[in-house]
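Please examine the protein model shown below, with attention to its charged side chains, a loop serine and its exposed nonpolar surface.

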Amino acid sequence: MNFRYRFQQFMQGRYGADSMLLGLAVVYIILSFLNVFLKSKIISLLGLAIFFYCVFRFLSRNTQKRYAENLKFQRLTNGLRSFFSKLVSRVQQNKTYCFKRCPNCGKTLRLPRKRGKHTTKCPICNCSFKVHVWMGDK
(Lines give C-alpha, C1' and ligand atoms only; values in the text may rest on other atoms or scores of the structure.)
Protein backbone atom coordinates (compact mmCIF):
# COMPACT_ATOMS: atom_id res chain seq x y z
CA MET A 1 0.00 0.00 0.00
CA ASN A 2 1.34 3.38 -0.94
CA PHE A 3 1.20 6.60 1.10
CA ARG A 4 -1.40 8.31 -1.12
CA TYR A 5 -3.91 5.51 -0.63
CA ARG A 6 -3.36 5.47 3.13
CA PHE A 7 -3.78 9.24 3.32
CA GLN A 8 -7.02 9.05 1.32
CA GLN A 9 -8.32 6.39 3.68
CA PHE A 10 -7.34 8.53 6.69
CA MET A 11 -8.98 11.68 5.31
CA GLN A 12 -12.24 9.98 4.37
CA GLY A 13 -15.07 11.64 6.35
CA ARG A 14 -12.86 14.53 7.48
CA TYR A 15 -13.39 18.17 6.51
CA GLY A 16 -10.10 19.06 4.80
CA ALA A 17 -9.03 22.45 3.44
CA ASP A 18 -11.27 25.43 2.69
CA SER A 19 -11.00 29.20 2.31
CA MET A 20 -11.09 29.79 6.09
CA LEU A 21 -8.13 27.45 6.53
CA LEU A 22 -6.22 29.38 3.88
CA GLY A 23 -7.11 32.70 5.53
CA LEU A 24 -5.97 31.43 8.93
CA ALA A 25 -2.76 30.14 7.35
CA VAL A 26 -2.06 33.61 5.93
CA VAL A 27 -2.67 35.15 9.37
CA TYR A 28 -0.32 32.57 10.91
CA ILE A 29 2.43 33.38 8.38
CA ILE A 30 2.03 37.12 9.00
CA LEU A 31 2.21 36.62 12.77
CA SER A 32 5.27 34.39 12.41
CA PHE A 33 6.96 37.02 10.24
CA LEU A 34 6.15 39.76 12.77
CA ASN A 35 7.42 37.60 15.60
CA VAL A 36 10.84 37.39 13.93
CA PHE A 37 11.25 41.13 14.52
CA LEU A 38 9.19 41.71 17.67
CA LYS A 39 10.06 38.46 19.53
CA SER A 40 6.89 38.53 21.60
CA LYS A 41 5.63 35.50 23.52
CA ILE A 42 2.02 36.66 23.08
CA ILE A 43 2.35 36.74 19.28
CA SER A 44 4.10 33.38 19.39
CA LEU A 45 1.32 31.80 21.48
CA LEU A 46 -1.37 33.36 19.28
CA GLY A 47 0.33 31.98 16.18
CA LEU A 48 0.61 28.56 17.78
CA ALA A 49 -3.08 28.62 18.73
CA ILE A 50 -4.02 29.54 15.14
CA PHE A 51 -1.82 26.71 13.83
CA PHE A 52 -3.46 24.12 16.09
CA TYR A 53 -6.93 25.43 15.20
CA CYS A 54 -6.03 25.00 11.50
CA VAL A 55 -5.00 21.39 12.15
CA PHE A 56 -8.19 20.82 14.17
CA ARG A 57 -10.37 22.20 11.33
CA PHE A 58 -8.50 20.18 8.72
CA LEU A 59 -8.95 16.88 10.58
CA SER A 60 -12.43 17.53 11.96
CA ARG A 61 -15.21 15.02 11.29
CA ASN A 62 -17.97 17.54 12.08
CA THR A 63 -18.27 18.73 8.49
CA GLN A 64 -21.59 20.58 8.96
CA LYS A 65 -20.17 22.87 11.64
CA ARG A 66 -16.94 23.52 9.70
CA TYR A 67 -19.02 24.30 6.59
CA ALA A 68 -21.12 26.82 8.55
CA GLU A 69 -17.94 28.45 9.93
CA ASN A 70 -16.52 28.70 6.41
CA LEU A 71 -19.70 30.35 5.09
CA LYS A 72 -19.59 32.92 7.90
CA PHE A 73 -15.91 33.60 7.16
CA GLN A 74 -16.67 34.06 3.46
CA ARG A 75 -19.48 36.52 4.24
CA LEU A 76 -17.16 38.53 6.52
CA THR A 77 -14.29 38.68 4.02
CA ASN A 78 -16.36 39.13 0.85
CA GLY A 79 -15.54 42.85 0.51
CA LEU A 80 -11.82 42.31 0.98
CA ARG A 81 -11.70 39.41 -1.49
CA SER A 82 -13.66 41.35 -4.14
CA PHE A 83 -11.33 44.37 -3.69
CA PHE A 84 -8.25 42.23 -4.34
CA SER A 85 -9.84 40.40 -7.28
CA LYS A 86 -10.69 43.77 -8.88
CA LEU A 87 -7.14 44.96 -8.23
CA VAL A 88 -5.65 41.85 -9.89
CA SER A 89 -8.02 42.25 -12.84
CA ARG A 90 -6.98 45.87 -13.30
CA VAL A 91 -3.29 45.03 -13.18
CA GLN A 92 -3.80 42.35 -15.83
CA GLN A 93 -5.77 44.74 -18.09
CA ASN A 94 -3.47 47.73 -17.54
CA LYS A 95 -1.56 47.30 -20.81
CA THR A 96 -4.60 47.49 -23.07
CA TYR A 97 -7.04 49.63 -21.06
CA CYS A 98 -6.96 52.71 -18.87
CA PHE A 99 -9.44 53.36 -16.08
CA LYS A 100 -11.00 56.79 -15.58
CA ARG A 101 -13.80 58.01 -13.31
CA CYS A 102 -16.81 59.85 -14.62
CA PRO A 103 -16.79 63.36 -13.08
CA ASN A 104 -20.60 63.37 -12.85
CA CYS A 105 -21.59 59.99 -11.35
CA GLY A 106 -18.20 58.67 -10.17
CA LYS A 107 -18.48 55.36 -12.06
CA THR A 108 -15.11 53.91 -13.13
CA LEU A 109 -14.94 53.47 -16.90
CA ARG A 110 -12.63 51.10 -18.76
CA LEU A 111 -11.34 52.87 -21.85
CA PRO A 112 -9.02 51.63 -24.61
CA ARG A 113 -5.47 52.79 -24.09
CA LYS A 114 -5.00 55.17 -27.04
CA ARG A 115 -2.56 58.01 -26.44
CA GLY A 116 -3.92 61.54 -26.71
CA LYS A 117 -6.98 63.59 -25.78
CA HIS A 118 -10.39 62.00 -26.26
CA THR A 119 -14.00 62.82 -25.54
CA THR A 120 -15.83 60.03 -23.73
CA LYS A 121 -19.48 59.52 -22.92
CA CYS A 122 -20.44 57.77 -19.69
CA PRO A 123 -22.91 54.91 -20.32
CA ILE A 124 -24.56 55.40 -16.91
CA CYS A 125 -25.33 59.13 -16.81
CA ASN A 126 -24.68 60.06 -20.50
CA CYS A 127 -22.24 62.79 -19.42
CA SER A 128 -19.58 63.71 -21.99
CA PHE A 129 -16.12 64.58 -20.68
CA LYS A 130 -12.57 64.87 -21.92
CA VAL A 131 -9.95 62.23 -21.10
CA HIS A 132 -6.20 62.58 -21.54
CA VAL A 133 -4.34 59.28 -21.90
CA TRP A 134 -0.59 59.68 -21.38
CA MET A 135 0.75 56.23 -22.27
CA GLY A 136 -0.45 53.75 -24.88
CA ASP A 137 -0.68 53.11 -28.59
CA LYS A 138 -0.98 55.97 -31.06
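The report that follows treats selected local features of this predicted model.

## Salt bridges and their network

The salt-bridge count for the model comes to three. Side chains of opposite charge can pair when their charged atoms come close. One such pair is D18 with R57, whose side chains meet at an N to O distance of 2.5 Å. This pair links distant parts of the chain, since D18 sits in the loop between α1 and α2 (19–38) while R57 belongs to helix α3, 39 residues away. Both D18 and R57 are buried.

R57 also pairs with E69, and here the closest N and O atoms are 2.4 Å apart. E69 is part of helix α4 and R57 part of helix α3, so this salt bridge ties together parts of the chain 12 residues apart in sequence. R57 has a relative accessible area of 1%; because buried means under 20%, R57 falls in the buried class.

E69 has a further partner in R66, with 3.0 Å between the closest N and O atoms. R66 and E69 both lie in helix α4, and because they are three residues apart, about one helical turn separates them. R66 is buried as well, at a relative accessible area of 5%. Through shared partners, the salt bridges join D18, R57, R66 and E69 into one network.

## Surroundings of S60

Where does S60 lie? Its place is the loop between α3 (41–59) and α4 (63–76). Its relative accessibility is 7%, and S60 therefore counts as buried. Apart from neighbours within four places in sequence, S60 is in contact with G13, R14, Y15 and R66. By way of a distance reference, the C-alpha atoms of S60 and V27 are separated by 20 Å, the two residues being 33 apart along the chain.

The side chain of S60 takes part in polar contacts. One of them, of 2.8 Å, joins it to the side chain of R66. In addition, a polar atom of the S60 side chain lies 3.1 Å from the backbone nitrogen of N62. R66 thus appears in two settings: it has a polar contact with S60, and it forms a salt bridge with E69.

## Nonpolar surface patch

Which residues form the nonpolar patch on the surface? They are F3, F7, F10, L45, L48, F51, F52, V55 and L59, and together they have about 890 Å² of accessible area. The elements that give two or more residues to this patch are α1 (3–11) and α3. The largest share, six residues, comes from α3.

L48, one of the patch residues, is placed in helix α3. Its relative accessible area is 41%; since partly exposed covers the range between the buried limit of 20% and the exposed limit of 50%, L48 is classed as partly exposed. Helix α3 thus supplies residues to the patch and also holds R57 of the salt-bridge pair with D18.

## A loop arginine at the β strands

R113 is found in the loop between β2 (108–112) and β3 (116–121). Is this arginine, R113, buried or exposed? With 17% relative accessibility, R113 counts as buried. Its side chain reaches the backbone oxygen of N94 at 2.9 Å.

Key. Residues are numbered from 1 along each chain as its sequence is written. This is a predicted model: local features need pLDDT of at least 70, side-chain atom pairs count only at pLDDT 80 or more; totals for chains, interfaces and linings use all residues. Side-chain values use heavy atoms; hydrogens and water are left out. Helices (H or I, at least four residues) and strands (E, at least two) are DSSP runs, numbered from the N terminus. Buried means under 20% relative accessible area, exposed over 50%, partly exposed in between (1.4 Å probe, protein chains only). Contact means heavy atoms within 4.5 Å. A polar contact is a pair of N or O atoms within 3.5 Å; within protein, one must be able to donate a hydrogen and the other to accept it, and residues adjacent in sequence count only if both atoms are side-chain atoms. Patches are made of residues with over 30% relative accessible area and no salt bridge: like charges are joined within 9 Å, nonpolar side chains (Val, Leu, Ile, Met, Phe, Trp, Tyr) within 5 Å. Accessible areas come from the Shrake-Rupley method with a 1.4 Å probe; for residues, only the protein chains shown count as cover. A salt bridge is a side-chain nitrogen of Lys or Arg within 4 Å of a carboxyl oxygen of Asp or Glu.
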